[in-house]
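Take a look at the chain below. Keep the sequence and the 3D view side by side as you read.

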Amino acid sequence: MTTRVEKQYDVIVVGAGHAGCEAALAAARMGHLTLLLTINLDHVAAMSCNPAIGGLAKGHLVKEIDALGGEMARNADETAIQFRRLNTRKGLAVQGSRTQNDRDLYRRRMKLVLERQERLDLRQAMVERLLVRDGRVWGVETRLHEQFPGKTVILTTGTFLRGLIHIGLQRFPAGRLGDPPSDTLSRQLAELGFRLGRLKTGTTPRLNGRTIRYEGLEVQPGDAQPRPFSFSTQRIALPQVPCHITYTNARTHEWIRKGLDRSPLFTGVIEGVGARYCPSIEDKVVRFSEKERHQIFLEPEGLHTVEVYPNGLATSLPVDIQLRMIRSVEGLEEAEIVRPGYAIEYDYVDPRQLRPTQETRLVEGLFHAGQINGTSGYEEAAAQGLLAGINAVLKVREEAPLILSRSQAYAGVLIDDLVTRGTREPYRMFTSRAEYRLLLREDNADFRLRDLGYRLGLVSEEVYAAFCRKRERLASLLKRLEEVKLRPDAAVADKLKALGSAPIRNVTSLARLLRRNEIFFQDLKVFDPALEEVDPVVAEEAETRIKYEGYIARQERQVEKLKRMDEVKIPDEIDFRAVHGLSNEVKEKLERVRPVSLGQASRISGVTPAALMALQVHLKRMAGAQAPP
């Protein structure tokens, strides 16, 4: 017997992983009645893999989520037990932030935030099918035959669609270890016409920290001065702890090779495609046989647990091989496994069937976010979830959608890559994917996106006022650096000599002096003591803008060219097969992706400049035919 729930929701979110949490919070914070459904309420925002947030390029996404008013950055800061800034020897554009987090606290705090959010209901239930009528979704039905009506639905199913866990040659259905998979929903998506693929990911065995010998291992401390993710974080809440580093060796590799005959990866049992950039340890030993060792980071899972995550040892080998492999590593000679490592296969939906809003083309009102789109990683999922939640609300309001451009945010790069190019392996964000990464630094995410988050109603008045004050201080500092001038006298020459810099020949502003490679903002304080009072965050932003002014201006000119192409819209009703001058291959690719602009069409692999010209001519003819006589 079917039970129809009386409440009419504006947004229903299926799945409470990192994508689902951000989607539900965004929709509710924008003032719309939202329902979050999950198989297990105790596993909200679970860190199924390593207990960490951020990293190279991923840290950029976390900062952008925060700037738009999402929750991941605040949750990471409140539960972090180590902060580290990565790539500090390179330029600001490719530096990244990372936190080691207390896994249990991260989950519990996010659940509390969801429970306290107005206009947001949480329910534990497994969604069996979408309710679709005339090509539009109108709700969901659970395994207990409860029907929840909703104007929009966001699927954030993670690894649960036909999830299958592998440990050695043993395999069993699961969404992750300890949770059931979702099978019927996957079948329904295929019946609705969605193209499904199969991906694979994996995780490491967890170790009992009391059985690890840390003496003699390399200690990896956090930063002496932690830099939080959220622009609003004022203090570091938790005690900070170190990680440790060890390495595999020849004995480790020998045990791994002995287990390959029972490896699901090497016996052809696993069909799904795994990530090239994050291979299992057995994959690394086989593919990089010339390497004598591989690094392992021993990461504590929290302040109140002895479990340790050996980052770098993801595996699906049999448990007996896992134990021998681990005990061959220095410091782990007596280590005990608390939870085995495993691989998991799951279904995903070809993201080229999405609009740039993440709404599906086949079913109106249905949005996809996270691993269902072929991505990997908490941060990629959270960014998609936030934007899907925003666009679901804008869909309900019948307002223009939010589509971030590639020059505006890493989140824009992420979604454009997915909907334009698709993916055949788990997609991970890298700084190299962003053409305009000098414009998309971690430190300026609030300058790029805070206004937008405030207009959407996701950023509070208090937080926005603090940002406005920061922006005013930056403008004032930039003005001062241009206005304070130095004369070419002996005193200035002596100070420059002490800084290892050549004397000036003409009256020179502090800003011009700062453009010298050897001069940094802190050096300017000898010429202008008032700069001692400047907020270091504001000073860093000013220094970056001045030092990279020429490069930034060049990228901004490139962005303008891209913007002009993106402004040429392609109507939904276009028949690409009727465009004269296109090859059959290009026509097929355009029909598959159905780009919304000439700019998006230009980013489809194989669409040549000649094809773009032919498409542009066709669009002009269409516009002329539709113009009134």
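This report walks through some sheets, helices and single residues of the structure. Keep in mind that the model is predicted.

## An open sheet of four strands

Start with a sheet. Strands of a sheet pair through backbone hydrogen bonds, either parallel or antiparallel. Here 4 strands form an open sheet, and their pairing is antiparallel. Read across it, the order is β12-β11-β20-β13. Which strands stand at the edges? They are β12 (170-173) and β13 (196-203). Each has a single partner strand, so one side of each is left without a neighbour in the sheet. From one strand to the next, the twist averages 25°.

Now zoom in on one pair. Strand β11 covers residues 164-167. It is joined to β12 by 4 bridges, and the two run antiparallel. One bridge is easy to find: H166 has R171 of β12 as its partner.

## Helix α5 and its buried face

Helix α5 spans residues 184-191. Which of its residues are buried? They are L185, S186, Q188 and L189. Look down the axis of α5: these buried residues fall within an arc of 160°, so they line one face of the helix.

What covers the buried residues of α5? The cover includes strands from several parts of the chain: β8 (127-133), β10 (146-155), β13, β20 (342-349) and β21 (366-368). Two of these names, β13 and β20, also belong to the open sheet described above. Just after α5 comes G193, which takes a positive phi of about 105°.

## Strand β6, covered on both sides

Strand β6 runs through residues 96-101. How many of its residues are buried? The count is 6 of 6, so β6 is mostly covered. Its residues point in two directions. G96, R98 and Q100 point one way, while S97, T99 and N101 point the other way. Both sets are buried.

β6 has partner strands too. Strand β4 (residues 52-54) is joined to β6 by 3 bridges, and the two run antiparallel. In this pair, I53 stands opposite T99. Strand β5 (residues 80-86) also pairs with β6 in the antiparallel sense, over 6 bridges. There, A80 stands opposite N101.

## Strand β16 and its two partners

Strand β16 covers residues 243-247. It is mostly covered, with 4 of its 5 residues buried. Strand β15 (residues 218-220) pairs with β16 over 3 bridges, in the antiparallel sense. Strand β17 (residues 295-300) is joined to β16 by 4 bridges, and this pair runs antiparallel as well.

Find H244 in β16. V219 stands opposite H244. In β17, the bridge partner of H244 is L298.

## R406, a buried arginine

R406 lies in the loop between α9 (378-397) and α10 (410-421). Is R406 buried or exposed? Its relative accessible area is 2%, so R406 is buried.

The side chain of R406 makes polar contacts. One, of 2.8 Å, joins R406 to the side chain of D417. Another, of 3.0 Å, joins the side chains of R406 and E435. Leave aside neighbours within four places in sequence, and R406 is in contact with a list of residues. Among them are G412, V413, D416, R421, R433, Y436, L440 and R603.

## Two helices that cross

Next, look at helix α11 (residues 445-455) and helix α12 (residues 461-483). Their axes come within 11 Å and cross at roughly 145°. The crossing is left-handed.

Which residues make the contact? On the α11 side they are D446, F447, R450, D451 and Y454. On the α12 side they are E461, V463, Y464, F467, K470, R471 and L474.

## V596, partly exposed

The last stop is V596, in the loop between α17 (584-593) and α18 (598-602). Its relative accessible area is 23%, so V596 is partly exposed. The cut-off for buried is under 20%.

What does V596 touch? Not counting residues up to four places away in sequence, V596 touches P356, R361, V568, K569 and I570. Now compare its position with A67. The two are 529 residues apart in sequence, and they are 27 Å apart in space, C-alpha to C-alpha.

Note on methods: Residues numbered from 1 in each chain as written. Predicted model: local features only at pLDDT ≥ 70, side-chain atom pairs only at ≥ 80, totals over all residues. Heavy atoms only, no water. Pairing = 2+ DSSP bridges. Axes fitted to C-alpha atoms, helices over the stretch in contact; angles between N-to-C directions. Buried < 20%, exposed > 50% of the residue type's maximum accessible area, 1.4 Å probe, protein only. Arc of directions from axis to C-beta. Contact = heavy atoms within 4.5 Å. Polar contact = N/O pair within 3.5 Å; in protein donor to acceptor, adjacent residues only side chain to side chain. Left-handed = near helix turned anticlockwise from the far one by under 90°.
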